[in-house]
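Please open the model in your viewer and keep the sequence panel visible. The tour below proceeds by selections, each followed by what is found there.

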Amino acid sequence: MSGSNNPYGGSYGGQMTASASFGAAPAASGPAGVYVSDTSTAGFTKDVLEESRRQPVLVDFWAPWCGPCKQLTPVLEKVVNEGQGRVKLVKMNIDDHPSIPGQLGIQSIPAVIAFVDGRPVDGFMGAVPESQVRQFIDKLAGPPGADQAAEIEAALVEAETLLAGGEIQEAAQLYGAVLQADPENAKAAAGMMQCLIAMGETARASQMLASLPEELAKDPAIQAVAKKLEHIEEARKLGDPVALERQLDDNPDDHDARLKLAKILNVQGERDKAAEHLLTIMRKDRTFDDDGARRQLLAFFDVWGPKDPATIAARRRLSSILFS
């Protein structure tokens, strides 16, 4: 569900380009040299100590006459630039600026010292191979994508809170941003469809569901939304809820009308009322529609989720009926 076959990336994600760059540095699309720079004795505090409070900084102590330095520096620059901001590389010529390496006890070069939160935390000496440079950076900054994964998870939690609080547009923007960064994120896809349903855009939600890859569509979160869309489509064919309520006023034992009304109330968001109608049928006639009221209530639970207050309350009452 990436690129042109995601019909919702443009509608919501396009407004959130800043939020969509999870885990990337602000200038990820800029020149590669943005992550590599030179420093001096005067600039060391700003370029290294202060900068290391934002992300780890590697300091490459080198000299023009040092053969191993000429081997290591291009490797450092390559790996750092590929990381796009996971760490920064600052180079210091010890011939021009001997005081800082002297204070740090640098006695041979090349030497690479890592700074975090204004302090040296690790380092190595010599022209090590690229694989060791990558291992050193992974140890320092975490595996590639770790920051992005954490940011995506935080965005999903925030979007879920916004959706539950009725801030649908804001939630949709966050879900869209996640889908830009991770087009096959099931939670984000399900959340986006929930937003579309909440805005009355059920046709677009169905379109999005149909566009999902087969494996992604099997995810439980996606399946719950698919069932919700089925319930909505079914409810549209069940008649006028006001007329059904009149039928129940005339005949409280009209279980067929009560079941239809429960389905309509469910899609209108009246979960407690919908559950109450189904529980009423169960109390009066467990044989109706081959225990259809219980089966329908369990179908509601699948869509509502186990933690929904309506699920918890109705499940408790269901248990009292079943085991009384």
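Begin by selecting D285, which sits in the loop that links α14 (271-284) and α15 (292-304); helices (H or I, at least four residues) and strands (E, at least two) are DSSP runs, numbered from the N terminus. The model is a predicted one, in which local features need pLDDT of at least 70 and side-chain atom pairs count only at pLDDT 80 or more, while totals for chains, interfaces and linings use all residues. Residues are numbered from 1 along each chain as its sequence is written, and side-chain values use heavy atoms, with hydrogens and water left out.

Is D285 buried or exposed? D285 has a relative accessibility of 25% and therefore counts as partly exposed; buried means under 20% relative accessible area, exposed over 50%, and partly exposed in between (1.4 Å probe, protein chains only). Add D253 to the selection: the C-alpha atoms of D285 and D253 are 9.1 Å apart, although 32 residues separate the two in sequence.

Next, display the whole chain as a cartoon. It shows 16 helices and five strands. Of its 324 residues, 43% are buried.

Now select the five strands. They form an open sheet of mixed pairing, in the order β1-β3-β2-β4-β5, where two strands pair if DSSP finds at least two bridges between them. The edges are held by β1 and β5; each has a single partner strand, so one side of each lacks a neighbour in the sheet. On average, neighbouring strands are turned by 25 degrees against each other, direction ignored. Axes here are lines fitted to C-alpha atoms, for helices over the stretch in contact, and angles run from 0 to 180 degrees between N-to-C directions. Zoom in on β1 and β3, which pair in the parallel sense over three bridges. D38 is found opposite K91 in β3.

Keep the sheet visible and add α3. This helix packs on the sheet, touching β1, β2, β3, β4 and β5, and its direction makes about 155 degrees with that of β3; contact means heavy atoms within 4.5 Å. The 17 residues of α3 (residues 67-83) should span 24 Å, because the expected span is 1.5 Å times one less than the number of residues; the end C-alpha atoms are 26 Å apart, which agrees. Buried residues of α3 include L72, V75, L76 and V79. Just past the helix, Q84 adopts a positive phi of about 50 degrees. Adding α5 shows a helix lying across β2, β4 and β5, at about 165 degrees to β5.

Select C66 and C69. A disulfide (cysteine sulfur atoms within 2.5 Å) joins them, with an S to S distance of 2.4 Å. The torsion about the S-S bond is about 80 degrees, so this disulfide is right-handed. Both cysteines are buried, and a search of the whole structure finds one disulfide.

Finally, turn to the nonpolar cores, each a set of buried Ala, Val, Leu, Ile, Met, Phe, Trp, Tyr and Cys residues joined through side-chain atoms within 4.5 Å. In the largest, of 31 residues, Y175, M192, M193, C195, M208, L212 and I222 touch the most other members. Its largest share, nine residues, comes from α8. Select C195 within this core: its relative accessible area is 0%, so C195 is buried. A second, separate core of 27 residues includes L244, A275, F301 and A310.
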